[in-house]
Each structure stands twice: as structure tokens, then as C-alpha cells.
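Work through the exercises below with the sequence and the model side by side. Each task is followed by a solution in steps.

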Amino acid sequence: MNDAVSISLDGHRRTYQPGEILSGEYRIERMLAVEPSAVELSVLWHTEGQGDEDLAVHHFERWSREQDEPADFRRPRRFQTCLPNSPLSYQGVIVKIRWCVRVRVFLARGKPLLAEQPFQLGSLTAASAALPVE
């Protein structure tokens, strides 16, 4: 994570339902020594837990210095997407499904900057571990 990039969701909500609009803005908070060569915004879900981890991108935007007009990323950049019906966020014992807004800032030199703003899609109840039978 990174303090140079900030993401905020409209209404400061953390839970959304399928079909709702997720909107917000992102910005680069401080001047960087090197201007970004590209900036990507993704709304995505990924799994955590046992087994292979999956990731899928629901919404994607990319700005590139080579392809697009110059941009001042210190000013807020808006985004918006209609959320899908699935998969819903899930807090299981073996696997978890997590949704987030992710911004990656690619620099001409050095590692990309990364910021994420998690949110929940749906209202599934968290699973609890089964108690051992005595």
C-alpha cells in the first residue's frame, strides 16, 4: 500500500448491493520525483485462503502518457461502475472473496505505486468454523 495515492468512495460507504453504482475518486497526493507513465484503476475481486487464488477485473480504466492527453493526477479523477450480481463478498473459513478498488501508478523508473480501497458486495453472513464433535 502507499500514502502517495488516495482512493475515496462516494458517501464513504463500505457495503454495496449487486446492481448498485459504485463511484468515487482517486488522486496522487504528493508530487512524485518522476511523472507517471501510466495510471490504472480497477474494480476487482480476488480470493484468499487455501488453494489457488483467483482474481477477476470487473471495471478497468487506463491512462497512458504515450496515448492520452497530459493529466494532473493531483486533481481528483472520477470513476463509476454498476456492480455485478456475483460473486458476493464472502468471509469463509477456508476461502474469502474480497472486492476492492485498486489504483496502480507506473513510473518510468522504479516499482509501481499501489493503493486499494476495499468494499463489500452483498450481505452474506461470515462463516464460522465447525466445532469439533465430542
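**Exercise 1. Place Ser37 in the fold and decide whether Ser37 is buried or exposed.**

Step 1. Ser37 belongs to strand 4, residues 36-49; strands are DSSP runs of E with at least two residues, helices are runs of H or I with at least four, and both are numbered from the N terminus. The model is predicted, so local features need pLDDT of at least 70, side-chain atom pairs count only at pLDDT 80 or more, and totals for chains, interfaces and linings use all residues. Residues are numbered from 1 along each chain as its sequence is written, and side-chain values use heavy atoms, with hydrogens and water left out.

Step 2. Ser37 counts as buried because its relative accessibility is 16% (buried is under 20% relative accessible area, exposed over 50%, partly exposed in between, with a 1.4 Å probe and protein chains only).

Step 3. Leaving aside residues up to four places away in sequence, Ser37 touches Trp63, Ser64, Arg65, Glu66, Phe106, Leu107 and Ala108 (contact: heavy atoms within 4.5 Å).

**Exercise 2. Describe the largest nonpolar core and find which strand gives the largest share of this core.**

Step 1. The core holds 26 residues; such a core is a set of buried Ala, Val, Leu, Ile, Met, Phe, Trp, Tyr and Cys residues joined through side-chain atoms within 4.5 Å.

Step 2. Two or more core residues come from each of strand 1 (5-9), strand 3 (21-28), strand 4, strand 8 (95-107) and strand 9 (113-121).

Step 3. Strand 8 gives the largest share, 6 residues.

Step 4. Val103 is among the residues with the most contacts inside the core. Beyond four places in sequence, the residues that Val103 touches include Val5, Tyr26, Val39 and Leu113.

**Exercise 3. How many disulfides are there, and are Cys82 and Cys100 buried or exposed?**

Step 1. The search of the whole structure returns 0 disulfides (a disulfide is a pair of cysteine sulfur atoms within 2.5 Å).

Step 2. With a relative accessible area of 41%, Cys82 is partly exposed. Cys100, at 2% relative accessibility, is buried.

**Exercise 4. Summarise the protein chain by its elements, burial and contacts.**

Step 1. The chain has 9 strands and 0 helices.

Step 2. Of its 134 residues, 37% are buried.

Step 3. Among contacts between residues at least 6 apart in sequence, 66% join residues at least 24 apart.
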